[in-house]
Amino acid sequence: MGIYAWSTNLNWTHKFNQDWSMVAAAGVTQLTDDARNSPIVQRQTSPTGSLLVTYRF
């Protein structure tokens, strides 16, 4: 038991008007100790990202 990974994320939201907006997100996850050394692990560090367009009605 214990901490097997840490992660950090950055999100940014931009409103175009009262209905439309865009959300951009980026992050990274890093495995630690036993999880990092597992034989099934292919990457010790994994980046993530997304870009969303939303409409509110």
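Is aspartate 33 buried or exposed, and what is its relative accessibility? The legends below, which describe a predicted model, come to this residue after the views of the whole chain, the sheet and the aromatic rings.

**Figure 1. Overall view of the predicted chain, with one helix and three strands.** Read from the N terminus, the elements of the chain follow the order β-β-α-β. The radius of gyration is 17 Å, well over the 10 Å that the globule rule gives for 57 residues, and the chain is therefore more spread out than a compact globule. Its C-alpha trace spans about 50 × 20 × 15 Å along the principal axes. Of the 57 residues in the chain, 11% are buried, and the chain exposes about 5,100 Å², of which carbon and sulfur atoms supply 57%. Among the contacts with a separation of 6 or more, 42% are accounted for by residues 24 or more positions apart.

**Figure 2. The open sheet, built from three strands in the order E1-E2-E3.** The pairing in this sheet is antiparallel. Strand E1, residues 5–15, and strand E3, residues 45–55, stand at the edges and have a single partner strand each, so one side of each is left without a neighbour in the sheet. On average, and with direction ignored, neighbouring strands of the sheet are turned by 10° against each other. In a regular strand, as a general point, the side chains alternate between the two faces of the sheet.

**Figure 3. Close-up of the hairpin formed by E1 and E2.** Four residues lie between the two strands of this hairpin, and eleven bridges join E1 to E2, which run antiparallel. One of the positions that can be followed across this pairing is threonine 13, which stands opposite valine 23 in E2.

**Figure 4. Close-up of the pairing between E2 and E3.** Strand E2, which comprises residues 20–31, is joined to E3 by eleven bridges, and the two strands run antiparallel. Methionine 22 has valine 53 in E3 as its bridge partner, while glutamine 30 stands opposite threonine 45, also a residue of E3.

**Figure 5. The aromatic cluster of Trp20, Tyr55 and Phe57, linked by ring pairs.** The count of aromatic pairs comes to two. In one of them, tryptophan 20 and tyrosine 55 are tilted, with 4.8 Å from centre to centre and 50° between the planes. This pair links distant parts of the chain, since tryptophan 20 lies in strand E2 and tyrosine 55 in strand E3, 35 residues apart. Tyrosine 55 also pairs with phenylalanine 57, and here the ring centres are 6.2 Å apart with the planes at 20°, so the pair is stacked; planes count as stacked when they are under 30 degrees apart. The residues of the cluster can also be described by their accessibility: tryptophan 20 is partly exposed, with a relative accessible area of 40%, tyrosine 55 counts as partly exposed at 43% relative accessibility, and phenylalanine 57 is exposed, with a relative accessible area of 90%.

**Figure 6. Threonine 32, in the loop between E2 and helix H1.** Threonine 32 counts as buried because its relative accessibility is 14%, and buried means under 20% relative accessible area. Leaving aside neighbours within four places in sequence, threonine 32 is in contact with Ile3, Tyr4, Ala5 and Trp6. Helix H1, at one end of this loop, comprises residues 33–36.

**Figure 7. Aspartate 33, a residue of helix H1 with a positive phi.** The opening question is settled in this view: aspartate 33 counts as exposed, at 56% relative accessibility, because exposed means over 50% relative accessible area. Aspartate 33 has a phi of about 40°, a positive value, although it is not a glycine. For context, most residues other than glycine have a negative phi.

Terms used
Residues numbered from 1 in each chain as written. Predicted model: local features only at pLDDT ≥ 70, side-chain atom pairs only at ≥ 80, totals over all residues. Heavy atoms only, no water. Pairing = 2+ DSSP bridges. Axes fitted to C-alpha atoms, helices over the stretch in contact; angles between N-to-C directions. Buried < 20%, exposed > 50% of the residue type's maximum accessible area, 1.4 Å probe, protein only. Contact = heavy atoms within 4.5 Å. Phe/Tyr/Trp six-rings, centres within 6.5 Å; stacked < 30°, edge-to-face > 60°. Rg over C-alpha atoms; globule rule 2.2 N^0.38 Å. Areas by Shrake-Rupley, 256 points an atom, 1.4 Å probe, with all protein chains shown as cover.
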